[in-house]
Amino acid sequence: MSKGRTIETRTEEVLAPIAEANGVEIYDVEYVKEGSDWYLRAYIDKPEGVNILDCENVSRALSDKLDEEDFIDDAYILEGSSPGLGRTLKKDKHLEKSLGEEVELRLYKPKDKQKEFAGILKAFDENSVTIETQEEEKVFARSEIALIRLAFDF
């Protein structure tokens, strides 16, 4: 397991009781390097959506607990946030909740001369994702998908 994955997994374990105490669920945790800085991002959600107070309360409690546990060697910036409207669907639980929703899908390499597709998320399994576009149902291997996120219109 990579250093980043280990930190993400351990952070989720630390975050779980904090999220439960604050009436939110963990959407995702990511530990990434951007430029010269490391970021530890904790995304939280709840059915009616999270507000700034939810993010603040969870971030403060998580910061205190991370200081106490002290398992991250690098200096990092902690961010607590909602996953947002155009949330990335990284995990099976995200895809499950989004069945029937409109999604945008980006591929690593073009398929039928395009890399981006939009449609209704119809199905998924460990190897593939199926969306219904305006023209037809399309099945994509998960290994060719760079990004899946909820579509949003303004």
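## Helix packing and the largest pocket

In this predicted model, the axes of helix 1 (residues 3-21) and helix 2 (residues 52-69) come within 10 Å and cross at roughly 130°.

**Exercise 1.** Classify the orientation of helix 1 relative to helix 2, and state which residues make the contact.

*Solution.*
1. Two packed helices are described by the angle between their axes and the distance between the axes.
2. Angles of 65 to 115 degrees count as roughly perpendicular and those over 145 as roughly antiparallel. The crossing angle is roughly 130°, and therefore helix 1 is oblique to helix 2.
3. The crossing of the two helices is right-handed.
4. Helix 1 contributes Arg 10, Thr 11, Val 14, Leu 15 and Ile 18 to the contact, while helix 2 contributes Val 58, Ala 61, Leu 62, Lys 65, Leu 66 and Glu 69.
5. Sorted by class, the contact comprises seven nonpolar, one polar and three charged residues.

**Exercise 2.** Describe the largest pocket by its space, its lining and the elements that supply the lining.

*Solution.*
1. The space in the largest pocket amounts to about 240 Å³.
2. Its lining consists of 15 residues; Asp 45, Arg 87, Lys 97, Ser 98 and Leu 150 lie nearest the centre.
3. At least two lining residues come from each of strand 1 (25-34) and helix 3 (92-97).
4. The lining divides into five nonpolar, three polar and seven charged residues.

**Exercise 3.** Place these elements within the chain as a whole.

*Solution.*
1. The chain contains three helices and eight strands.
2. Their order along the sequence is α-β-β-α-β-α-β-β-β-β-β.
3. The C-alpha trace spans about 55 × 35 × 30 Å along its principal axes.

Technical notes:
Residues numbered from 1 in each chain as written. Predicted model: local features only at pLDDT ≥ 70, side-chain atom pairs only at ≥ 80, totals over all residues. Heavy atoms only, no water. 1 Å grid on protein atoms, 1.4 Å probe; cavity = no way out; pocket = protein on both sides within 12 Å on 5 of 7 lines; lining within 4 Å. Points joined across faces, edges and corners; volume = space filled by probe spheres on them. Helix = DSSP H or I, 4+ residues; strand = E, 2+ residues; numbered from the N terminus. Nonpolar A, V, L, I, M, F, W, Y, C, P; charged D, E, K, R; others polar. Axes fitted to C-alpha atoms, helices over the stretch in contact; angles between N-to-C directions. Parallel < 35°, antiparallel > 145°, perpendicular 65-115°, else oblique. Left-handed = near helix turned anticlockwise from the far one by under 90°. Contact = heavy atoms within 4.5 Å.
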